[in-house]
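Colleague: Could you take me through one part of this model in detail? I would like a close look at a helix and what packs around it.

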Amino acid sequence: VEARGAPRCTALMRHVFTDLVARRQVEAVVLAGRWLASEDAALARTIAFIRAHGVAVTVVGPAVEYDGSVPLLLARAVQAGNARGIDRFRRHGARRERAIRAIALAAGANYYSVTLRECPRSACRLLAAPGVPIHFDEGHVTQAAARQLMRDFGWPS
């Protein structure tokens, strides 16, 4: 299994794959990341490796991303009198969402769509709680949003 990223992250991934998954010391693994199209094959191989060891896999799809810091964009939009003005800064990643979902399901993993939870209809949620933006930067969710997403998924928060 390939592990890319910062050394602290790759060390953790190697530990999980070689010590926990390979020795069947876990029942399930949740994979979340910001996968590039060039990493699709590696994601499929990772899921296959985990499944081959009898461990369940859930892939968490991408969060909505914006061209700029959401709190700043939202503050400017509210100041201009139109909170929905932030929508023009949203990147549409529906194609990427579908690709990751297809890879996950084809490889035998469960799939959890953050995008569908954030944008259940045509408009995306802007706040995770009163006064708390759903994102703290261009794409990472706040702690309040993460808790809400976990509840939506049926996990304890």
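Modeller: Happy to; what follows is a walk along one helix, then a neighbouring helix, and then a buried charged residue elsewhere. Please keep in mind that this is a predicted model.

Let's start with helix H4, which covers residues 94-106. With 13 residues at 1.5 Å a residue, H4 should span 18 Å, and its end C-alpha atoms are indeed 18 Å apart, so the expected and modelled lengths agree. The residues of H4 that are buried are Glu-97, Ile-100, Ile-103 and Ala-104. Around the axis they take up an arc of only 135°, which means that they sit on the same side of H4. Arg-95, Arg-98 and Ala-106, on the other side of H4, are exposed.

What lies over that buried side? The cover for the buried residues of H4 includes two helices, H2 (40-52) and H5 (114-118), together with two strands, E2 (56-60) and E5 (110-112). Just beyond the end of H4, Gly-108 adopts a positive phi of about 90°.

Since H2 is part of that cover, it deserves the same treatment. H2 also has 13 residues, for which 1.5 Å a residue gives an expected span of 18 Å; the end C-alpha atoms of H2 are 18 Å apart, in agreement with this. Its buried residues are Asp-40, Ala-42, Leu-43, Thr-46, Ile-47 and Ile-50. Looking down the axis of H2, you find these buried residues within an arc of 165°, so they line one face of the helix. Covering them are, among others, helix H1 (7-21), strand E1 (28-32), E2 and H4. E2 therefore appears in the cover of both helices, because it is listed for H4 as well as for H2. After H2 comes Gly-54, and its phi is positive too, near 75°.

One more residue is worth your time: Glu-65, which belongs to strand E3 (residues 65-66). Its relative accessibility is 16%, and since buried means under 20%, Glu-65 counts as buried. The side chain of Glu-65 has polar contacts with two arginine side chains: one with Arg-34 at 2.6 Å, and another with Arg-91, also at 2.6 Å. Leaving aside residues up to four places away in sequence, Glu-65 touches Arg-34, Phe-89, Arg-90, Arg-91, Glu-138 and Gly-139. Both arginine partners thus turn up again among the residues that Glu-65 touches.

How values were computed: Residues are numbered from 1 along each chain as its sequence is written. This is a predicted model: local features need pLDDT of at least 70, side-chain atom pairs count only at pLDDT 80 or more; totals for chains, interfaces and linings use all residues. Side-chain values use heavy atoms; hydrogens and water are left out. Helices (H or I, at least four residues) and strands (E, at least two) are DSSP runs, numbered from the N terminus. The expected span of a helix is 1.5 Å times one less than its number of residues. Buried means under 20% relative accessible area, exposed over 50%, partly exposed in between (1.4 Å probe, protein chains only). The arc is that of the directions from the helix axis to the C-beta atoms. Contact means heavy atoms within 4.5 Å. A polar contact is a pair of N or O atoms within 3.5 Å; within protein, one must be able to donate a hydrogen and the other to accept it, and residues adjacent in sequence count only if both atoms are side-chain atoms.
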